[in-house]
Amino acid sequence: MLAGGCLAQSPEDLFSKAPPAIDDALRARASKFYQLQAEGKFRQADDLVAADAKDIYMEADKRRCRKFQIVRINYAEEFSKANVVTNCDTEMLLPPKGITSVTVPLTTFWKSMNGEWFWYVPARDGRDTAFGTMKAGPGEGVSVVTSGPSVQDVLKMVTVDPKLVKFPAANKEVQSVVVTNGMPGEVQLELAPLKVSDLKLEIDRTQLKANETAKITITYEPGSDYARRFGSSEDIRLTVKPLNRVIPIRVVFPLN
């Protein structure tokens, strides 16, 4: 997949050494992105995402790396675009072993705009995640995963529908989100508490066996102690264990 993404680049673009200032800036920006992801600070990481990729980033699954290391940067278009290959220490479902610690290579794409680097999604075919293109295979500084489902397959095994919930800012309303466990084994669900007073969360069950579902009830009630602005939003963080995968659910209050 990584090779396919690089076919459009010339050998000169692929292997040219970037000026130190450009290379240092991109490494710092990509490292900040991965660190925020590792800490579960997805809203802060959104500041590093290009405007035309924000919807894709917010709606896609997020995956935490316990440790990460940038192993290669491939530049293109006179160092205005690049893909960053990073080793991610994470966990995967590898039958028959179950949840196993692995190191997988991730590829994220970056472009320079107004002197800063931003994560974006290029127009291409392939199986990508918002956290990056994940593949198992040989590569520089990369551990090899030779069997089992891909990371993308594992990420799809626990689903949330819908992942975007809209509320009118002026009126009380209750909506629900359904969580489905497509894993062959049991998972545990954990909701992070919200720091706002006008939204309340309830989940009817926190342990799901294979093919079972849970319902998250979201209640919005305007209050005098908190003035909700039209156009504002909140992120609900649902953690799925033992994968330690965080699924963001965005609550928005549209302008109209």
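Which residues does D23 touch, not counting residues up to four places away in sequence? In this predicted model, the residues that D23 touches under that condition are A18, I73 and Y75. D23 itself lies in helix α3, which covers residues 20-38, and because its relative accessibility is 16%, below the 20% cut-off, D23 counts as buried. Its side chain makes a polar contact of 2.7 Å with the side chain of R27, and a polar contact of 2.8 Å joins the side chain of D23 to that of Y75. Y75 therefore appears both in the list of residues touched by D23 and as a polar partner of its side chain, and Y75 counts as buried because its relative accessibility is 2%.

From Y75 the path leads on to the aromatic rings. The count of aromatic pairs in the model comes to eleven. In one of these, the rings of F33 and Y34 have centres 5.8 Å apart and planes at 85°, and because an angle over 60 degrees counts as edge-to-face, this pair is classed that way. Both F33 and Y34 are buried. Y75 and F79 form another edge-to-face pair, with 5.7 Å from centre to centre and 70° between the planes. The two members of that pair are classed differently in their accessibility, since Y75 at 2% counts as buried, whereas F79 at 23% counts as partly exposed. Ring pairs also link F33 and Y34 with Y57, F68, W110 and W119 into a cluster. A charge is placed over a ring as well: the charged end of R29 sits over the ring of F118, at 4.9 Å from the centre of that ring.

Turning to the strands, an open sheet of five strands with mixed pairing has the order β7-β14-β13-β9-β11. β7 and β11 (207-208) stand at the edges, and because each has a single partner strand, one side of each is left without a neighbour in the sheet. Between β7 and β13 in that order comes β14, a strand of residues 245-252 that is mostly covered, with eight of its eight residues buried.

How do the side chains of β14 point, and are they buried or exposed? R245, I247, I249 and V251 point one way, V246, P248, R250 and V252 point the other way, and all of them are buried. This arrangement can be read against a general pattern, because in a regular strand the side chains alternate between the two faces of the sheet.

The two neighbours of β14 pair with it in opposite senses. Strand β7, residues 164-166, runs parallel to β14 and is joined to it by three bridges, and here L164 has R250 as its bridge partner in β14. Strand β13, residues 233-241, runs antiparallel to β14 and is joined to it by eight bridges, with R245 as the bridge partner of V240 and with D235 standing opposite R250. R250 can thus be followed from either side, as the partner of L164 and as the residue opposite D235. β13 and β14 also form a hairpin with three residues between them, and in its turn N244 has a positive phi of about 55°.

Methods
Residues numbered from 1 in each chain as written. Predicted model: local features only at pLDDT ≥ 70, side-chain atom pairs only at ≥ 80, totals over all residues. Heavy atoms only, no water. Buried < 20%, exposed > 50% of the residue type's maximum accessible area, 1.4 Å probe, protein only. Helix = DSSP H or I, 4+ residues; strand = E, 2+ residues; numbered from the N terminus. Pairing = 2+ DSSP bridges. Polar contact = N/O pair within 3.5 Å; in protein donor to acceptor, adjacent residues only side chain to side chain. Contact = heavy atoms within 4.5 Å. Phe/Tyr/Trp six-rings, centres within 6.5 Å; stacked < 30°, edge-to-face > 60°. Lys NZ or Arg CZ within 6 Å of the ring centre and 35° of its normal.
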